[in-house]
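Reader: I would like to go through this structure with you and ask how each label is earned. Could you show it first?

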Amino acid sequence: MNRHLRSLGSFVVLCIFAGAAWLLYHEVRKYHLADIRQSIELIPDLRLLASFGLMIVNYLILVGYDALALKAIGRPLPLGKTALVSFVGCACSYNFGALLGGSSVRYRFYSAWGFTIPDVVRLVLMLAVPFWVGALGLAGLPFVIEPLPPPAGLGLPIDDVRPLGFALLAATTGYLLLTFFVRKPLHFFGREFALPCPKIAFAQTLTACADLVAAAGCLYMLMPSDLGLDFLTFLAVYLLATVVVVLTHVPGGAGVFELVILSLSQTTHPQAVIAALLAFRVIYYLLPLLFAALLLAGYEVQVRRHQAEKAFRDAGRW
C-alpha cells in the first residue's frame, strides 16, 4: 500500500511539473528568442555582480541551518566540515529536491564522520522544521497584509492566500511557543523529534528569514528597471512562488517558480523578466551545483586516498 502511495505521489508531482512546463511554454513562446537573448545581454554588469555577491551571502547564511541543527542535537562539528556539508547539501537539494539531493548527500558526509542513522534523521528533521517555521512564517506576513493571487492552471487547492497566511503565522507562533513549554521529545508516526531550546529555535527562524530575503534580493538585482514592484512587494511575490514550489514538490521548482514570478510581474517587457529568471537559474542554482560537484569529487578522492593509504599500511604491517 505504501509503495503504491509513493508511486502515486511521484506521478502527481510529475503531472504538476508537466502542467507547469506546458503553461510556462505558452507564456514564453509569445516572445522571440533573440529578444530574450538581447535582454540577458542588457543586464548591467554591476547588477550581475550584485546578484552573484548576494548568492554568496545567501549560501553563507545557509551554513547556519546545519550549524544550529548540529548544536540542537548535541553533535557540533568544526566550521569547515559544517560549511562543506551545508553548501554541497543545499546546492544538491535546490536542484534535485530535498530527499534525492540534500538528504542523501548529508547522509554520505555525516555517516562518514561517525553519525548514526538516528542522528542523521534527527538532523534532517531539525533542518526541515526551521524552513517551514521560519521561511513560511515570513511568507505569512505578506499573505495576510497584501495577498497575491496564485496563478491559475497549476491545480492548487487554494485561490486566496490570506487563510494560508494566517495558518503559517499561527504555525510559526505555535512552534516557537512549544519550545518554551515542551521539554520531552514529540512522537510523530513512530518517529521521535526533540524540540530545540528557545534560543536555537529563534536563531533558526531568523536564519530562515535571512535566507529568503537574500535569495529574493539575488533575483531582484536581475529584474528590469520597469518591473513596477518595490523590493518588499517583490519579496511577497518571491515568497508566494516559494510556497507554491513547496506545495507542488517539484524538484528545484523548475517551471513552477518561473510561472509564478512571470505571472505576477508588472513590467511592460516580460522577455526581460524571462531573461532575469534564466540568469538567476544559472547564478543561484547551476554555478553552486557545479562548484558543489567539484567539492564532492575532491572529498571522495581524498577519502579514497586515505583509505588506500591505510590499507597499504595495514598490508605492510601484516
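Reader: Thanks! Which helix holds arginine 106?

Author: Arginine 106 sits in helix H5, which covers residues 98–112. Keep in mind as we go that this is a predicted model.

Reader: Why is arginine 106 called buried?

Author: Its relative accessibility is 8%, and the label applies under 20%. Arginine 106 is below that limit, so it counts as buried.

Reader: What is arginine 106 in contact with, leaving aside neighbours within four places in sequence?

Author: The list is Asp66, Val85, Ser86, Gly89, Cys90, Ser111 and Leu127. A contact here asks for heavy atoms within 4.5 Å.

Reader: What makes arginine 106 and aspartate 66 a salt bridge?

Author: Their closest N and O atoms are 2.9 Å apart. The rule asks for a side-chain nitrogen of Lys or Arg within 4 Å of a carboxyl oxygen of Asp or Glu, so this pair passes. Arginine 106 belongs to helix H5 and aspartate 66 to helix H3, so the bridge ties together parts that are 40 residues apart in sequence.

Reader: Is aspartate 66 buried or exposed?

Author: Buried: the relative accessible area of aspartate 66 is 0%, against a limit of under 20%.

Reader: How many salt bridges does the rule give?

Author: The count comes to three. Another of them joins the side chains of aspartate 119 and arginine 75, at 2.8 Å from N to O. Aspartate 119 lies in helix H6 (residues 117–145) and arginine 75 in the loop between H3 and H4, so this pair links parts that are 44 residues apart in sequence.

Reader: What makes the pair of aspartate 119 and arginine 122 a salt bridge as well?

Author: The closest N and O atoms of aspartate 119 and arginine 122 are 3.5 Å apart. That is within the 4 Å cut-off, so the name applies here too. The two residues are three apart in helix H6, which means about one helical turn separates them.

Reader: Which residues are linked in a network of salt bridges?

Author: Arg75, Asp119 and Arg122. Aspartate 119 is buried, with a relative accessible area of 10%. Arginine 75, at 27%, and arginine 122, at 32%, are each called partly exposed, because that label runs between the under 20% of buried and the over 50% of exposed.

Reader: Let me turn to helix H10. Why is helix H10 described as largely enclosed by the rest of the structure?

Author: Helix H10 spans residues 256–264, and eight of its nine residues are buried, so the description follows. The buried ones are Val256, Phe257, Glu258, Leu259, Val260, Ile261, Leu262 and Leu264.

Reader: Which residues touch the most other members of the largest nonpolar core?

Author: This core has 80 residues, and Leu219, Met223, Phe257, Ile261 and Phe280 touch the most other members. The element that gives the most to the core is H11, with 13 residues. Away from its neighbours within four places in sequence, methionine 223 is in contact with Arg47, Phe234, Ile261, Val273, Ala276 and Leu277. As background, nonpolar side chains tend to be buried together in soluble globular proteins.

Reader: What makes the nonpolar surface patch?

Author: Phe52, Ile56, Leu60, Val282, Leu286 and Leu287 make a patch of about 510 Å². Helix H3 (45–72) and helix H11 (270–317) are the elements that give two or more residues to it.

Reader: How do you know that leucine 286 is partly exposed?

Author: Leucine 286, found in helix H11, has a relative accessible area of 46%. This falls between the limits for buried, under 20%, and exposed, over 50%, so the residue is called partly exposed. Patch members need over 30% relative accessible area, and 46% clears that cut-off.

Reader: And for the whole chain, how many helices and strands are there?

Author: There are 11 helices and two strands, in the order α-α-α-α-α-α-α-β-β-α-α-α-α along the sequence. Of the 318 residues in the chain, 45% are buried. The accessible surface comes to about 16900 Å², and 70% of this belongs to carbon and sulfur atoms.

Definitions and conventions. Residues are numbered from 1 along each chain as its sequence is written. Side-chain values use heavy atoms; hydrogens and water are left out. Patches are made of residues with over 30% relative accessible area and no salt bridge: like charges are joined within 9 Å, nonpolar side chains (Val, Leu, Ile, Met, Phe, Trp, Tyr) within 5 Å. Accessible areas come from the Shrake-Rupley method with a 1.4 Å probe; for residues, only the protein chains shown count as cover. Helices (H or I, at least four residues) and strands (E, at least two) are DSSP runs, numbered from the N terminus. Buried means under 20% relative accessible area, exposed over 50%, partly exposed in between (1.4 Å probe, protein chains only). A nonpolar core is a set of buried Ala, Val, Leu, Ile, Met, Phe, Trp, Tyr and Cys residues joined through side-chain atoms within 4.5 Å.
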